[in-house]
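I have opened my notebook for a first look at this structure. Here is what I looked up, entry by entry.

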Amino acid sequence: MTLLAAQLEGERAEPTTFGAGGAEPYAAALRNADNVLYLRRISSGEHATIDAGRWSADADDTDLCLLDGITGPVLDIGCGPGRMVRAAMGLGLTALGLDVSATAVRMAADAGLDVLQGSVFDPLPLEGGWAAALLVDGNIGIGGDASVLLTRCADLLAPDGVLLVELSHDPARDDSYLGTIEDSTGSRSAVFPWAEIGINGLRDRAGATGLVVTQDWRLDGRWFARLLRA
């Protein structure tokens with residue numbers, strides 16, 4: 001039994017997606033940009049603080065650097081209210097946001113952005129044709145298995161497409177766990193699988209997923225990597 005499976009058995013609950021289920025604090029935070037969220041590990045109680053307001057704000061200069069040199073269609077995986085979709089469209093690029101949250105998708109659509117509600121593991125438009133795919137704001141954690149997610153992203157990219165990933169601040173981090181999202185009132189989501197990965201783990205995993213890391217850089221306290229299809 002894997003560690004995630006064992007933890008899940010202990011919780012006696014089915015895993016869900018980021019921040020969904022329970023009291024839905026993620027959806028509430030999207031509607032109130034001042035809300036702070038906490039990503040809490042079930043096994044240890046350790047938590048990370050998330051500034052939910054960033055997701056609804058405009059892309060900053062660091063975000064925009066990710067789109068430098070991109071000329072084709074962009075897929076933002078886990079787009080939230082659509083910060084990066086809005087930025088890509090503002091640069092004249094075709095862009096599509098993807099998120100499992102109905103609230104996030106509704107907010108993005110109401111803002112005139114092209115978004116789709118669903119999972120990255122669902123059949124998607126332009127399979128094998130995306131010039132760029134984005135996994136920012138921790139979204140390398142989607143599904144709790146970075147290798148599975150990277151393999152899926154490789155399948156989505158055009159032959160010369162690029163995957164842009166935001167990484168953990170810790171280069172040695174390569175961790176999967178069950179977590180919940182909580183807010184300052186104690187409202188809690190259902191349990192979901194998540195992962196965190198740094199540059200060392202990304203390099204270790206990339207080759208087996210059909211990708212190769214060609215560049216990594218740190219900017220404004222954030223760490224990013226560029227991957228191409230091998």
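**Entry 1: helix α5.** I started just past α5, where G92 follows the helix with a positive phi, near 85°. Helices here are DSSP runs of H or I with at least four residues, strands are E runs of at least two, and both are numbered from the N terminus. Before going on, I noted that this is a predicted model, where local features need pLDDT of at least 70 and side-chain atom pairs count only at pLDDT 80 or more, while totals for chains, interfaces and linings use all residues. I also noted that residues are numbered from 1 along each chain as its sequence is written, and that side-chain values use heavy atoms, leaving out hydrogens and water.

Which residues of α5 are buried? I found R83, M84, V85, A87 and A88. Buried means under 20% relative accessible area, exposed means over 50%, and partly exposed is in between, with a 1.4 Å probe and protein chains only. The cover over these buried residues includes α3, α4 (61–65), β3 (74–77), β4 (95–99), β6 and β11.

**Entry 2: D137 and its arginines.** I counted on a program for the salt bridges, and the structure holds 20 of them. The term stands for a side-chain nitrogen of Lys or Arg within 4 Å of a carboxyl oxygen of Asp or Glu. Side chains of opposite charge can pair when their charged atoms come close.

R83 forms one with D137, with the closest N and O atoms 2.9 Å apart. That pair links distant parts of the chain, since R83 is in helix α5 (residues 83–90) and D137 in the loop between β6 and α7, 54 residues apart. D137 also has a salt bridge with R54, at 3.1 Å between the closest N and O atoms. Here the partners are 83 residues apart, with R54 in helix α3 (residues 53–56).

Are these residues buried or partly exposed? R83 is buried, with a relative accessible area of 3%. R54 is partly exposed at 28%, and D137 is partly exposed at 24%.

**Entry 3: the wider network.** I followed the charges outward and found R54, D60, D63, R83, D137, E166 and R222 linked in a network of salt bridges. R222 is found in strand β11 and is buried, with a relative accessible area of 9%. Its side chain joins that of D63 in a polar contact of 2.9 Å. Such a contact is a pair of N or O atoms within 3.5 Å; within protein, one must be able to donate a hydrogen and the other to accept it, and residues adjacent in sequence count only if both atoms are side-chain atoms. Not counting residues up to four places away in sequence, R222 touches R54, D60, T62, D63, R83, D137, E166, H169 and W217. Touching means heavy atoms within 4.5 Å.

**Entry 4: the β10–β11 hairpin.** I looked next at the strand that holds R222. Eight bridges join β10 (residues 211–219) to β11 (residues 222–229), and the two run antiparallel. Q215 stands opposite R226 in β11. Two residues lie between the strands, and D220 takes a positive phi near 55°.

**Entry 5: a four-stranded sheet.** I traced an open sheet in the order β2-β1-β8-β9, with antiparallel pairing. Strands pair if DSSP finds at least two bridges between them. The edge strands, each pairing on one side only, are β2 (47–51) and β9 (192–197). β1 (residues 36–41) and β8 (residues 174–183) are joined by five bridges, and R41 has G179 as its bridge partner in β8.

R41 is buried, with a relative accessible area of 11%. E196 forms a salt bridge with R41, the closest N and O atoms being 3.6 Å apart. E196 lies in β9 and R41 in β1, so the pair ties together parts that are 155 residues apart in sequence.

**Entry 6: α7 and the cores.** In α7, I found A146, L149, L150, R152, C153, A154 and L156 buried. D145 caps the N-terminal end of α7, with a side-chain oxygen 3.1 Å from the backbone nitrogen of S147.

Last, I checked the largest nonpolar core, which has 44 residues; I77, L163, L202 and L227 touch the most other members. A nonpolar core is a set of buried Ala, Val, Leu, Ile, Met, Phe, Trp, Tyr and Cys residues joined through side-chain atoms within 4.5 Å. The largest share of this core, six residues, comes from α7. Another core, of 23 residues, lies apart from it and includes I70, C79, V105 and L164.
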